[in-house]
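Grab a pencil and have a look at the model below. A few exercises follow, each with a solution worked out step by step.

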Amino acid sequence: MTPFTQHAGVVAPLDRANVDTDQIIPKQFLKSIKRSGFGQNLFDEWRYLDVGQPGQACSTRPLNPEFVLNAPRFQGASVLLARENFGCGSSREHAPWALAEYGFRTILAPSFADIFYNNCCKNGLLPIELDKDVIDVLFAQCAETKGYALAIDLATQTVTRPDGVVHGFEVDAFRKHCLLGGLDDIGLTLEASAAIRAFEARHRTAQPWLFAECPSA
Amino acid sequence: MPGQTLYDKLWAIHEVVRRDDGASLLYIDRHILHEVTSPQAFEGLRLAGRTPWRVQANLATPDHNVPTTQAERAGGLDAIVDAVSRLQVQTLNENCNDFGILEFRMDDPRQGIVHVVGPEQGATLPGMTVVCGDSHTSTHGAFGALAHGIGTSEVEHVLATQCLVAQKMKNMRVEVEGVLPPGVTAKDVVLAIIGTIGTAGGNGHALEFAGSAIRALSMEGRMTLCNMAIEAGARVGMVAVDQTTLDYVRGRPFAPQGAQWDAAVALWRGLVSDDDAVFDTVVRLRAEDIQPQVSWGTSPEMVLPVDARLPDPAHEDDPVKRGSIERALHYMGLRANQAITDIRLDRVFIGSCTNARIEDLRAAAAVAKGRKVAASVKQALVVPGSGLVKAQAEREGLDRVFVEAGFEWRAPGCSMCLAMNPDRLEPGEHCASTSNRNFEGRQGPGGRTHLVSPAMAAAAAIAGRFIDVRELP
Ligand code: SF4
């Protein structure tokens with residue numbers, strides 16, 4: 001996983017509450033058996049005027065000029081500013097894959113759906129929860145200022161505005177550790193193999209039926 | 001020390017270690033896989049040269065992509081017309097083959113939607129931790145299990161380590177006391193709950209459904225309820241174990257037998273929240289107040305009783321909420337203050353992991369019996385949740401009831417719940433659907449979904465518009 005330490009970048013504002021994973025990456029693109037190729041279909045139904053199909057080249061598709069990511073001033077944005085309950089809906093990790101491949105490194109919102117939050121952290125994409133009032137201010141500043149950018153530092157857990165105001169944010173120690181180091185958490189867990197085996201032995205004694213053979217056909 | 005909640009107990013039973021960083025390793029008893037969220041996990045496993053930690057803990061079946069017309073299904077894998085879907089189903093077969101994982105393939109009578117198949121087989125048992133790369137894994141919590149959806153990285157993690165890195169959530173309890181009015185089902189209860197607490201109401205919480213109205217529900221009803229916990233923002237939904245749970249589990253293929261059954265029951269009976277357990281959040285609803293529900297907007301919290309009128313954004317002070325209502329009305333092609341019963345339907349979908357179990361099909365068939373689907377409805381689909389549900393329904397003659405009334409009787413799969421297979425809405429079409437999500441484009445680009453119970457969906461098919469199922473002539 002790509003580590004996340006510090007990042008400064010242009011902010012794109014997505015002013016809608018309850019943006020769900022079907023909107024982030026519509027389901028026809030979930031048929032892929034790969035981990036990449038989703039960036040061009042991020043927000044597909046909002047971003048393009050036609051209906052996208054998997055495997056289709058997107059460079060010639062008609063863009064929706066109304067959609068915020070298509071505005072010239074937000075090209076190259078790497079910080080997504082969002083509203084309540086961002087990422088609700090399914091557990092599909094295709095949503096953070098699409099956001100990351102598009103170029104977003106971090107998402108700022110008043111709240112995130114739990115599974116989506118977790119999936120972001122596994123993909124080097126930092127979800128930052130800030131107070132609704134702070135988010136309101138960021139939306140207002142972003143609307144007023146061309147090239148509006150924010151600087152994020154995970155080690156100090158801060159977001160710094162262009163006017164110098166700093167907002168702190170919470171992130172739990174484990175996720176912070178993994179994001180900073182870009183760690184593969186399977187490797188970390190396997191370091192505890194002996195503990196898992198010991199647990200498994202106790203668990204098997206207490207509830208042997210959990211370890212029964214699967215019935216055959 | 002205060003008592004423990006059901007969630008506290010399940011957590012304690014499965015916590016392997018608590019790490020210095022505050023996260024815990026949680027042992028996973030059952031891992032269920034399907035074709036959409038697993039290919040990249042298997043690929044990761046291979047690339048790292050790893051193998052599954054405990055093969056026996058895994059169970060797989062394809063569901064999201066499989067065609068549901070009897071004709072396309074008869075030809076097996078090779079007959080899947082959509083090449084991309086075919087590859088995904090084939091990839092699951094190959095992965096399960098390579099790693100020795102038990103799979104109910106497309107042509108196996110036990111194939112079906114993961115959340116219907118697990119409980120039906122007894123592969124979901126009380127007291128288990130159950131995960132699957134699908135957010136509606138909360139369904140399995142109906143058994144007093146700790147069950148939730150995971151992403152693909154975590155699918156790989158569980159395959160490789162039989163554990164998840166997890167953080168304990170907060171406890172939430174939703175109590176529904178009293179007796180539900182006639183014609184009001186578990187689906188109406190859960191929609192009413194989501195309408196009350198909102199789609200983010202349960203964020204960060206494990207949600208236990210409790211109260212006399214919940215205890216009176218069948219296992220099918222409890223699964224419907226827990227299925228949609230995720231639509232209330234909670235990854236985990238649960239109902240405590242009682243006699244109803246035990247009666248359902250007994251005798252299922254994966255369930256323990258003989259002396260092990262007795263030992264299991266002794267343990268399972270303790271899977272209830274203690275009387276003095278402390279919940280971070282408690283919400284109470286009165287069963288008598290719940291009416292048949294219909295969602296009108298593009299988020300499950302946009303839901304109202306069938307006799308209500310749509311909201312008027314002019315009366316909403318919060319600008320974010322006002323914007324959401326305006327956008328939803330526009331997307332849905334509906335007007336402020338319009339009566340729900342004035343919404344006309346183009347299609348009807350009875351199916352999905354929320355409502356495609358035998359009890360759901362019985363409820364819909366009871367409404368359809370001796371009636372006809374309205375001429376204005378282009379298509380009314382009934383898609384059983386599994387091959388075994390289909391066979392049972394056919395034994396009871398429900399398929400004939402549906403077909404005579406003008407419904408199509410299909411083979412099991414997710415179907416029009418998310419339209420990854422050919423079953424989908426055309427832009428602008430309104431659909432009465434027993435599924436769980438009414439997001440924009442969920443059932444096809446531009447499609448307009450209204451979430452309802454099976455009986456309400458059948459009634460809507462007959463009337464061609466929404467109608468209180470109790471008032472159907
Ligand atoms: S039926 Fe719908 S919600 Fe359930 S698993 Fe399938 S796609 Fe997901």
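**Exercise 1. How many of the ten residues of helix 16 (residues 454–463) of chain B are buried?**

Before we start, keep in mind that this is a predicted model.

Step 1. Run along the helix and look at its cover: nine of the ten residues of helix 16 of chain B are buried, so to speak mostly covered.

Step 2. Put names to them. The buried set runs through Pro454(B), Ala455(B), Met456(B), Ala457(B), Ala458(B), Ala459(B), Ala460(B), Ala461(B) and Ile462(B).

Step 3. Look for what does the covering. These buried residues pack against strand 13 (293–295), strand 15 (347–350), helix 13 (358–368) and strand 18 (430–433) of chain B.

Step 4. Step off the end of the helix. Right after helix 16 of chain B comes Gly464(B), with a positive phi of about 80°.

**Exercise 2. Helix 13 of chain B turned up in the last solution. Work out how it sits against helix 14 (residues 387–395) of chain B.**

Step 1. Start with the axes: those of helix 13 and helix 14 of chain B come within 10 Å and cross at roughly 40°.

Step 2. Turn the angle into a word. Angles under 35 degrees would count as roughly parallel, and 65 to 115 as roughly perpendicular. Helix 13 and helix 14 of chain B are therefore oblique to each other.

Step 3. Add the hand: this crossing is right-handed.

Step 4. List the residues that touch. Helix 13 of chain B brings Ile358(B), Leu361(B) and Arg362(B), while helix 14 of chain B brings Val389(B), Gln392(B) and Ala393(B).

Step 5. Sort them by class, and you get four nonpolar, one polar and one charged.

**Exercise 3. Now do the job for helix 7 (residues 186–197) and helix 9 (residues 219–227) of chain B: at what angle do they pack?**

Step 1. The angle is about 25°, and the axes are 8 Å apart.

Step 2. That makes helix 7 of chain B roughly parallel to helix 9 of chain B, since the cut-off for that label is under 35 degrees.

Step 3. As for the hand, helix 7 and helix 9 of chain B cross in a right-handed way.

Step 4. On the helix 7 side of chain B, the contact uses Ala186(B), Lys187(B), Val189(B) and Val190(B); on the helix 9 side, Gly221(B), Thr224(B) and Leu225(B).

Step 5. Their classes come out as four nonpolar, two polar and one charged.

**Exercise 4. Is the crossing of helix 2 (residues 39–47) and helix 4 (residues 83–99) of chain B left-handed or right-handed?**

Step 1. Find the pair first. The axes of helix 2 and helix 4 of chain B come within 10 Å, crossing at roughly 40°.

Step 2. That makes helix 2 of chain B oblique to helix 4 of chain B.

Step 3. Now the hand: helix 2 of chain B passes helix 4 of chain B in a left-handed crossing.

Step 4. Check who takes part. From helix 2 of chain B come Pro39(B), Phe42(B), Leu45(B) and Arg46(B), and from helix 4 of chain B come Gln88(B), Thr91(B), Asn95(B), Asp98(B) and Phe99(B).

Step 5. Split by class, the contact has four nonpolar, three polar and two charged residues.

**Exercise 5. Which strands stand at the edges of the four-stranded open sheet in chain B?**

Step 1. Write down the order: 11-10-9-12, with parallel pairing.

Step 2. Read off the edge strands. They are strand 11 (236–238) and strand 12 (281–286) of chain B, each pairing on one side only.

Step 3. Note the twist, which averages 20° from one strand to the next.

Step 4. Zoom in on one pair. Strand 10 (residues 205–210) and strand 11 of chain B run parallel and are joined by three bridges. Leu207(B) stands opposite Gly237(B) in strand 11.

**Exercise 6. Switch to chain A: how many helices and strands are there, and in what order do the strands line up?**

Step 1. Count: chain A has eight helices and seven strands.

Step 2. Order: an open sheet of seven strands reads 4-3-2-1-5-6-7, with mixed pairing.

Step 3. Strand 4 (126–129) and strand 7 (166–168) of chain A have a single partner strand each, so one side of each lacks a neighbour in the sheet.

Step 4. Strand 6 (residues 158–160) of chain A runs antiparallel to strand 7 of chain A, with three bridges between them. Here Thr160(A) stands opposite Val166(A).

Technical notes
Residues numbered from 1 in each chain as written. Chains lettered and ligands numbered in written order. Predicted model: local features only at pLDDT ≥ 70, side-chain atom pairs only at ≥ 80, totals over all residues. Heavy atoms only, no water. Axes fitted to C-alpha atoms, helices over the stretch in contact; angles between N-to-C directions. Helix = DSSP H or I, 4+ residues; strand = E, 2+ residues; numbered from the N terminus. Parallel < 35°, antiparallel > 145°, perpendicular 65-115°, else oblique. Left-handed = near helix turned anticlockwise from the far one by under 90°. Contact = heavy atoms within 4.5 Å. Nonpolar A, V, L, I, M, F, W, Y, C, P; charged D, E, K, R; others polar. Pairing = 2+ DSSP bridges. Buried < 20%, exposed > 50% of the residue type's maximum accessible area, 1.4 Å probe, protein only.
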